[in-house]
Amino acid sequence: MPVAIITGASKGLGRALARALAGRGWDLVLDARGAQALAAAEAVSAQGTRVSALPGDVTDARHRAELVAAAWRLGGLDLLVHNASALGAEPLVRLEELPLEGLRRALEVNLVAGLGLVQEALPLLRASRAGAVLTVSSDAAVEAYETWGGYGASKAALDQLAAVLAVEEPGLRVWAVDPGDMATDLYAAAVPGDREPRPEPAAVVPGFLRLLDERPASGRYGAPALLDGAR
């Protein structure tokens, strides 16, 4: 069975994607903070797939090594999904007020940890017949939205990292995907006063599955286009 590592898998898009892959028979290594990882494993393993859930922080090199080792024990690694994200400030604030420590945290989680996990996982991904890296991006990476500067900068850097990785590793598929607005805890923390209805994360998962089914060229993709093709 194919094996995937998913960071930030205890809720939101990470959990929805884990459930969808489990339903397709994938074995999973799930990352989350603290006891949330165990709860995520219980929810997904109920579908009959093998699940290794490891609590920890993706900015910790030892934790990243543990995630990859767990994938090796399951038989290898076919898909690495870097979904874990940090905002930099909750709620979001203008750049003049953005704590530098918060910006550093966003860069460490969204960018540096992503590269560290890729570096750790490359031998297994190269050995897969269909190795792929999927980084979760954001519209804030390409548009200038007030208060989204720190988070958007970290995601823009992650997009560039993914683009360069695709050039350096032509044997892999490397996709940066903007899922669009979703009803997640992350968005609620970013803009707590916004009550506009938004789709649940599960609604965009078919677009992600389309990438796995069709394996288009490496690049940056948006959820609307993916979903249109998945219907």
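The following legends describe close-up views of a predicted model of a single protein chain.

**Figure 1. Overall view of the chain.**
The chain contains eight helices and seven strands. Its C-alpha atoms occupy a box of roughly 50 × 35 × 35 Å along the principal axes. The radius of gyration is 16 Å, which agrees with the value near 17 Å that a compact globule of 231 residues would have. Of the 231 residues, 49% count as buried. The exposed area of the chain is about 10800 Å², and 54% of this area is supplied by carbon and sulfur atoms. Among contacts between residues at least 6 apart in sequence, 69% connect residues at least 24 apart.

**Figure 2. The open sheet of seven strands.**
The strands follow the order S3-S2-S1-S4-S5-S6-S7, with parallel pairing. S3 and strand S7 (219–222) form the edges; each has a single partner strand, so one side of each lacks a neighbour in the sheet. On average, neighbouring strands are turned by 15 degrees against each other, direction ignored. Helix H1 packs on this sheet and touches S1, S2, S4 and S5. The direction of H1 makes about 170 degrees with that of S1.

**Figure 3. Strand S2 and its two neighbours.**
Strand S2 comprises residues 27–32, and six of its six residues are buried. Asp 27, Val 29 and Asp 31 point one way from the strand, whereas Leu 28, Leu 30 and Ala 32 point the other way. Buried residues are thus found on both sides of S2, and the two aspartates, Asp 27 and Asp 31, are among them. Strand S1 (residues 3–6) runs parallel to S2 and is joined to S2 by four bridges. Within this pairing, Ile 6 has Leu 30 as its bridge partner in S2. The chain passes from S1 through helix H1 (residues 12–23) to S2 in a right-handed β-α-β crossover. S2 is also joined by five bridges to strand S3 (residues 51–55), again in parallel. Here Leu 30 stands opposite Ala 53 of S3. Leu 30 can therefore be followed across the view, from Ile 6 in the pairing with S1 to Ala 53 in the pairing with S3.

**Figure 4. Strand S4 between S1 and S5.**
Both faces of S4 are covered, with Leu 79 and Val 81 buried on one side and Leu 80 and His 82 buried on the other. Three bridges join S4 to S1, and the two strands pair in the parallel sense. In this pairing Ile 5 stands opposite Leu 80. Strand S4 (residues 79–82) also pairs with S5 in the parallel sense, over four bridges. On this side, Leu 80 has Val 133 as its bridge partner in S5. His 82 has Thr 135 as its bridge partner in S5. The connection from S4 to S5 runs through helix H4 (residues 100–127), and this β-α-β crossover is right-handed.

**Figure 5. The cis peptide bond before Pro 91.**
Glu 90 and Pro 91 are joined by a cis peptide bond, for which omega is about -5 degrees. Pro 91 belongs to the loop between S4 and H4.

**Figure 6. The loop between S5 and H5.**
Glu 143 lies in the loop that links strand S5 (132–136) to helix H5 (149–168). With a relative accessibility of 43%, Glu 143 counts as partly exposed. Glu 143 and Arg 126 are 17 residues apart in sequence, and their C-alpha atoms are 33 Å apart in space. Thr 147 is also located in the loop between S5 and H5. The phi angle of Thr 147 is near 75 degrees, a positive value in a residue other than glycine. Thr 147 counts as partly exposed, at 25% relative accessibility.

**Figure 7. Arg 215 ahead of strand S7.**
Arg 215 lies in the loop between helix H7 (205–214) and S7. Its phi angle is near 45 degrees, a positive value in a residue other than glycine. Arg 215 has a relative accessible area of 24% and is partly exposed. The strand that follows this loop, S7, is one of the two edge strands of the sheet, with a single partner strand.

Definitions and conventions:
Residues numbered from 1 in each chain as written. Predicted model: local features only at pLDDT ≥ 70, side-chain atom pairs only at ≥ 80, totals over all residues. Heavy atoms only, no water. Buried < 20%, exposed > 50% of the residue type's maximum accessible area, 1.4 Å probe, protein only. Pairing = 2+ DSSP bridges. Right-handed = clockwise from strand over helix to strand, strands pointing away. Rg over C-alpha atoms; globule rule 2.2 N^0.38 Å. Contact = heavy atoms within 4.5 Å. Areas by Shrake-Rupley, 256 points an atom, 1.4 Å probe, with all protein chains shown as cover. Axes fitted to C-alpha atoms, helices over the stretch in contact; angles between N-to-C directions.
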